[in-house]
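Here is a walk through one chain, helix by helix. Have the structure open and turn it as you read.

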Amino acid sequence: ADKTAAVRFDQVREALDERLRKQRKQAEQRLTTLPAKLDELTRAIESGSLKQAEPLYQSIAASIELFELSGLPRESYADAAARLKSLAPRFRDLQKWRRWGADQTRQELCVTMEKLISADISLEAISLRLRDLQIEWKDLDKSGSPVNHPLWERFHAASEHVYERCKPYLDEQA
């Protein structure tokens, strides 16, 4: 039984060693692409393109983590890690601007929805506008900007009032 356990242990250790060799090789390959990715990230941040910068930033951060876990010498990626760290504040600023812009749009959606509560237009037009505003809100959520909960509650409450106003029309259509 001890011999079987020892053989099994050796097999598991060999498999783990092989996996670690593959991981290190992958990390070494990724290391060669890092300078170009950092240049691309810098350009994306300088141009204000968060949509382009975000996946690059995440990919580079994951690569640096892989280098650490793979046991690559720190000096082989230290400059890249320092460069990413120096880009981080400008990257965070882009994220804050996206959130601010999304919150401005959410504020406008709330105002528009609240106006529908007492709008002097047909229930058909109101119900169509209700649906469109809800779709716009969902599209903002998909943009990656975190939801502002007080604005969501405001929008939802106004939507409920508009829906109640349109309910007779919607029931008739059904």
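What follows looks at the helices, how they cross, and a few residues worth clicking on.

Keep in mind that this is a predicted model.

**The long middle helix**

Let's start with H3, which covers residues 78–117. How far apart are the end C-alpha atoms of H3? They are 58 Å apart, and since 40 residues at 1.5 Å a residue should span 58 Å, the two values agree. That doesn't make H3 free of bends: there is a kink of about 35° at Ala88, shortly before the proline Pro89.

Arg90 also belongs to H3. Its relative accessible area is 38%, so Arg90 is partly exposed. Setting aside neighbours within four places in sequence, Arg90 is in contact with Ile45 and Glu46. Its C-alpha is 14 Å from that of Asp39, with the two positions 51 residues apart in sequence.

**Who crosses H3, and how**

H3 has crossings with H2, H4 and H5, and here are the numbers side by side.

| Helix pair | Axes come within | Crossing angle |
|---|---|---|
| H2 and H3 | 10 Å | roughly 145° |
| H3 and H4 | 11 Å | roughly 165° |
| H3 and H5 | 9 Å | roughly 25° |

The axes of H3 and H4 cross at roughly 165°. That makes H3 roughly antiparallel to H4. For H3 and H5 the angle is roughly 25°, and the two helices are therefore roughly parallel to each other.

What about handedness? The crossing of H2 and H3 is left-handed. H3 also passes H4 in a left-handed crossing, and H3 passes H5 in a left-handed crossing too.

Now for the residues that do the touching. On the H2 side, Leu50, Ala53, Tyr57, Ile60 and Ile64 are among those that meet H3, where their partners include Ala80, Leu84, Ala88, Phe91 and Arg98. So Ala88 turns up both here and at the kink.

Further along, H3 residues including Ala102, Thr105, Leu109 and Leu116 meet a set in H4 that includes Ile126, Leu130, Leu133, Trp137 and Leu140. Against H5, H3 brings residues such as Asp103, Gln107, Val111, Glu114 and Ile117, and the H5 residues they meet include Leu151, Phe155, Ala158, Val162 and Arg165. Arg106, Leu109, Cys110, Met113 and Leu116 of H3 are listed in the contacts with H4 and also in those with H5.

**H2 and its buried residues**

H2 runs over residues 50–69. With 20 residues, H2 reaches 28 Å from its first C-alpha to its last, close to the 28 Å expected at 1.5 Å a residue. Among its buried residues are Leu50, Ala53, Glu54, Leu56, Tyr57 and Ile60. Their packing is against H1 (2–46) and H3. Just past the end of H2, Gly71 has a positive phi of about 80°.

Leu56 is a good one to zoom in on. It is located in H2 and, with a relative accessible area of 9%, Leu56 is buried. Which residues touch Leu56, leaving aside its neighbours within four places in sequence? They are Lys37, Glu40 and Leu41. The C-alpha atoms of Leu56 and Lys37 are separated by 6.9 Å, though the two are 19 residues apart along the chain.

Over in H1 you'll find Asp39. Asp39 counts as partly exposed, at 34% relative accessibility. From Asp39 to Gln173 is 57 Å, C-alpha to C-alpha, across 134 residues of chain.

**H5 and its bend**

H5 spans residues 149–173. It bends by about 50° at Cys166, and the proline Pro168 follows within four residues. Leu151, Phe155, Ala158, Ser159, Val162, Cys166 and Tyr169 are buried in H5, and their cover includes H3 and H4 (123–142).

Is Tyr169 buried or exposed? With buried meaning under 20%, Tyr169 at 19% relative accessibility counts as buried. Beyond its neighbours within four places in sequence, Tyr169 is in contact with Leu123, Glu124 and Ser127. The C-alpha of Met113, by contrast, is 18 Å from that of Tyr169, and 56 residues separate them along the chain.

Definitions and conventions. Residues are numbered from 1 along each chain as its sequence is written. This is a predicted model: local features need pLDDT of at least 70, side-chain atom pairs count only at pLDDT 80 or more; totals for chains, interfaces and linings use all residues. Side-chain values use heavy atoms; hydrogens and water are left out. The expected span of a helix is 1.5 Å times one less than its number of residues. The bend at a residue is the angle between axes fitted to the seven residues ending there and the seven starting there. Buried means under 20% relative accessible area, exposed over 50%, partly exposed in between (1.4 Å probe, protein chains only). Contact means heavy atoms within 4.5 Å. Axes are lines fitted to C-alpha atoms, for helices over the stretch in contact, and angles run from 0 to 180 degrees between N-to-C directions. Angles under 35 degrees count as roughly parallel, over 145 as roughly antiparallel, 65 to 115 as roughly perpendicular and the rest as oblique. A crossing is left-handed if the near helix is turned anticlockwise from the far one by less than a right angle, and right-handed if clockwise.
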